[in-house]
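Work through the exercises below with the sequence and the structure in view. Try each task before reading its solution.

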Amino acid sequence: MRGKFWQTMGFSERGKQYLQPEEALYLMECGNVQVFYRDLPLSIQDGYERFLSSDTVTLHQYQVFGHLKRLGYVVNRFDPSSVSSTYERQLNLPASDKQKKQLKRKRSQSPVSSDKHGISTEEKTTSEAHNELAETSKLPADLQEPVHLADAPERTWWMEEDVQQKHPKTQTAAPRWDFSSISFPDLGSRRRSERLASPHRSLLPENVDVGECDVSRWLGRLNMKQEKLSRRDMERQRERDRYRRDVNSDREVRRCRNWAEYSELMEERRRRRRKHRPEHLWEREETPLTQPGQCTSHRELLDQIGIIKSSTFSEGLSRLSPSDQWKISFDVYQPDTVAEFKKSHPGKPYTRMCVCSFAGPVPDLHAVKQLSFQSQDVPVTFAVVDHGDISFYCFKDFKLPTDVY
Amino acid sequence: MDGDPAVMKVPRSSSVEVKEDMDTKSEKQATRDALIDISFCGSTPMLWKVSDMKKCRSEGVIGALVGSLARQPRQNVRLGRPLELRPEEALLLLEKEKSTAAVRLDTQDCEDEEAHSEAVRLYEAGLESSYQEQCVLALEDKKKTLNRVMNEKENGTEGSGSAVRERLEALDQSFSFPWSAMAVQLCTARSGFSHCPEERSFHSTDCPMPRDEHLNTRFSVYRDLRNKGYYLTSAGKFGGDFLVYPGDPLRFHAHYIALCVSLDEEMPVCDILAIARLGSNVKKTVLLCSPQEGDVVYSSLQWSSMV
């Protein structure tokens, strides 16, 4: 083996080539690499006991890693900061070179030699693996933190006050304007005046005096030409309008002077319609969700009676906190991309692996949502380890069909 | 590239030295040799030596192979050493006193400088002798190939055979076997030539495997079924705790899926239905096992409407 594995494994830092502990152990098991510690070669048993721990890669994670590598996949450690957000993807930014963190330092002594027998590289470790483990994990900054969290450290024990404090901040200010009394001139109507009266003093800022406004110049800019339609177009429009009642030709609507009166009119009409409804249904606290004649399509009807709304993975994500128990371990790339695989620009992985076991809990919706959010557009697969047997599961986002034709 | 240390060839002189050191420990070794060495990777018990694995199998403990197979590392159908043991299996071996369990201490790493440099020297001596042997073998191999070529050529055309003969004669002088081309053996189990970290054997109370209620339940069931002569392996994919075989798993299909529940644990009917359905689909009887005052009570579920 000529060192083909450098194409997909390992990384360079400060001029030297390093391997991750799981990669080194896998290569040892394949018989491609010998690892020396203090001038003596490590056996595979030593490798398992030294390289695998809860700080680096656990035994379960290594078993999944090995399983996938043996099948030919390219497996790299997952780096949360390497996931581009939806916004970044929209902007289509070129992927920046993110620095990978090394967890095991080895001094590479000899360059790759071209022999057919066994060793291709000999590497020396300078000190124990576990002494050098400095795993730092970067979580993507949660930009949508709610406001009150900023005050949390000061007020943790005053829970009630905290709740009370929340309200004034999140409450929107009551509008200062009474829109029902302000009338807006209709500049688009045919019968318009060239001059507008000055607005009421209270609507203007202090010390601002506005006289009558001459809007003739502006009116000239408005396109008031009547639309000239061809005969076919007019016919088409007549067909469309046959069943449509123009709101403006409604006498009652014309009598309304502003929006408030219009909404009152609509409410009145609705009330009139409701008078036909049976009392025993509509006069109680719980009323039916819909009434006959209200909907024109199945979809509208299903929308109205659908109390349980279906949710997707991407809803409510801003409120999720990262979980300690469920973490994505690896990025997996397909085997047929090995020839073009570049470590600096690996591209989008085929899937991301989260390793768990049958002894642990089944991932709940929170975990599934949080992981799929962390992984953005790459699907997440759960690799369940059961004493050597590995099964792969994934959750698919599915929407129940609501249109009935 | 695996192998027991016994397979590695050592020059006779150094092996005698090693034996003298071991003389005083020989008696202890004799009894210890009959025991299986369980070493831990984190909290998972594992067996590394082939002899240990054979002894373990003869006890009826199956375990699962989880490492790459040395001859064919790039496939998942057949895996090789180490043999991963379930915590119940390790506990059984410890209880029957058929094994010792040892944990590698993280802190020390053979502080003894002299012993370490001795080990390095032995290793390098072994490497050197292996190199010499391989030189000889490689030369013989090359000669054979050239002879074969020469014979073939003589049978064919004349004249070209002479060039080959000349090469053959020159071979003895000019043949060189580079050090980097040497085949090296990578040990699977920890061999005597590597530095030996301090190993501490411990009582079962100390063990790194976390013992909780569920493990105790499972262990009682495992022990009971094993004493009855059944062989058990893990059954995560079947939704149970164990798969129960009437004989060696290599010879039989599993007859039962064992699910360990404690007597006071409440089980929702949906779960019972689910496991019964599963069992009938795979044509295995589901056993609900509960330890009760030293004995184990079994209830079997069979779906009678499925034919």
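**Exercise 1. Aromatic pairs**

Task: State how many aromatic pairs the structure holds over all chains, and classify the pair of A:Tyr26 and A:Phe65.

Solution. The model is predicted. A search over all chains gives eleven aromatic pairs. For A:Tyr26 and A:Phe65, the ring centres are 6.2 Å apart and the planes make an angle of 85°. Planes over 60 degrees apart count as edge-to-face, and the pair of A:Tyr26 and A:Phe65 is edge-to-face.

Next, place the two residues. A:Tyr26 belongs to helix α1 (residues 21-30) of chain A and A:Phe65 to helix α3 (residues 59-71) of chain A, so their pair ties together parts 39 residues apart in sequence.

Then check the accessibility, where buried means under 20% relative accessible area. A:Tyr26 has 0% relative accessibility and counts as buried. A:Phe65 also counts as buried, at 0%.

**Exercise 2. A second partner for A:Phe65**

Task: Decide whether the ring pair of A:Phe65 and A:Phe330 is stacked, tilted or edge-to-face.

Solution. Stacked planes are under 30 degrees apart, edge-to-face planes over 60, and the rest are tilted. The planes of A:Phe65 and A:Phe330 are at 45°, with centres 5.7 Å apart, so this pair is tilted. A:Phe65 is in helix α3 of chain A and A:Phe330 in strand β10 (residues 330-333) of chain A, so the pair ties together parts 265 residues apart in sequence. Both A:Phe65 and A:Phe330 are buried.

Finally, follow the ring pairs outward. They link A:Tyr26, A:Tyr48, A:Tyr62, A:Phe65, A:Phe330 and B:Trp48 into a cluster.

**Exercise 3. A helix and the loop after it**

Task: Find how many of the eight residues of α2(A) are buried, then describe the surroundings of A:Leu52.

Solution. Start with the helix. The buried residues of α2(A) are A:Ile44, A:Gln45, A:Asp46, A:Gly47, A:Tyr48, A:Glu49, A:Arg50 and A:Phe51. Eight of the eight residues are buried, so α2(A) is largely enclosed by the rest of the structure.

Move on to A:Leu52, which sits in the loop between α2 (44-51) and α3 of chain A. A:Leu52 is buried, with a relative accessible area of 5%. Setting aside neighbours within four places in sequence, the contacts of A:Leu52 are A:Leu25, A:Gly47, A:Val57, A:Thr58, A:Leu59, A:Tyr62 and B:Cys41. The C-alpha atom of A:Leu52 is separated by 7.6 Å from that of A:Pro21, although the two residues are 31 apart along the chain.

**Exercise 4. Salt bridges**

Task: For the salt bridges of A:Arg77 with A:Glu22, B:Lys55 with B:Asp52 and B:Arg218 with B:Glu88, give the distance between the closest N and O atoms and the place of each partner.

Solution. Over all chains there are 17 salt bridges. In the bridge between A:Arg77 and A:Glu22, the closest N and O atoms are 2.8 Å apart. This pair links distant parts of the chain, 55 residues apart: A:Arg77 is in strand β5 (residues 74-77) of chain A and A:Glu22 in helix α1 of chain A. A:Glu22 counts as buried, at 1% relative accessibility.

For B:Lys55 and B:Asp52, the closest N and O atoms are 3.7 Å apart. Both residues lie in helix α3 (residues 50-59) of chain B, three residues apart, or about one turn of the helix. B:Lys55 is partly exposed at 26%, whereas B:Asp52 counts as buried at 3%.

For B:Arg218 and B:Glu88, the distance is 2.9 Å. B:Arg218 is in helix α7 (residues 213-227) of chain B and B:Glu88 in helix α4 (residues 87-95) of chain B, so the pair ties together parts 130 residues apart in sequence. B:Arg218 is buried, with a relative accessible area of 14%, and B:Glu88 is buried, with 0%. Shared partners join B:Arg86, B:Glu88 and B:Arg218 into one salt-bridge network.

**Exercise 5. A surface patch**

Task: Name the residues of the nonpolar surface patch that includes A:Leu302, and say whether A:Leu302 is buried or partly exposed.

Solution. The patch consists of A:Leu289, A:Leu301, A:Leu302, A:Ile305, A:Ile307 and A:Ile308. Together they have about 610 Å² of accessible area. A:Leu302 is located in helix α12 (residues 298-305) of chain A. With a relative accessible area of 34%, A:Leu302 is partly exposed.

Methods: Residues are numbered from 1 along each chain as its sequence is written. Chains are lettered from A and ligands numbered from 1 in the order in which they are written. This is a predicted model: local features need pLDDT of at least 70, side-chain atom pairs count only at pLDDT 80 or more; totals for chains, interfaces and linings use all residues. Side-chain values use heavy atoms; hydrogens and water are left out. Rings of Phe, Tyr and Trp (its six-membered ring) pair if their centres lie within 6.5 Å; planes under 30 degrees apart count as stacked, over 60 as edge-to-face and the rest as tilted. Helices (H or I, at least four residues) and strands (E, at least two) are DSSP runs, numbered from the N terminus. Buried means under 20% relative accessible area, exposed over 50%, partly exposed in between (1.4 Å probe, protein chains only). Patches are made of residues with over 30% relative accessible area and no salt bridge: like charges are joined within 9 Å, nonpolar side chains (Val, Leu, Ile, Met, Phe, Trp, Tyr) within 5 Å. Accessible areas come from the Shrake-Rupley method with a 1.4 Å probe; for residues, only the protein chains shown count as cover. A salt bridge is a side-chain nitrogen of Lys or Arg within 4 Å of a carboxyl oxygen of Asp or Glu. Contact means heavy atoms within 4.5 Å.
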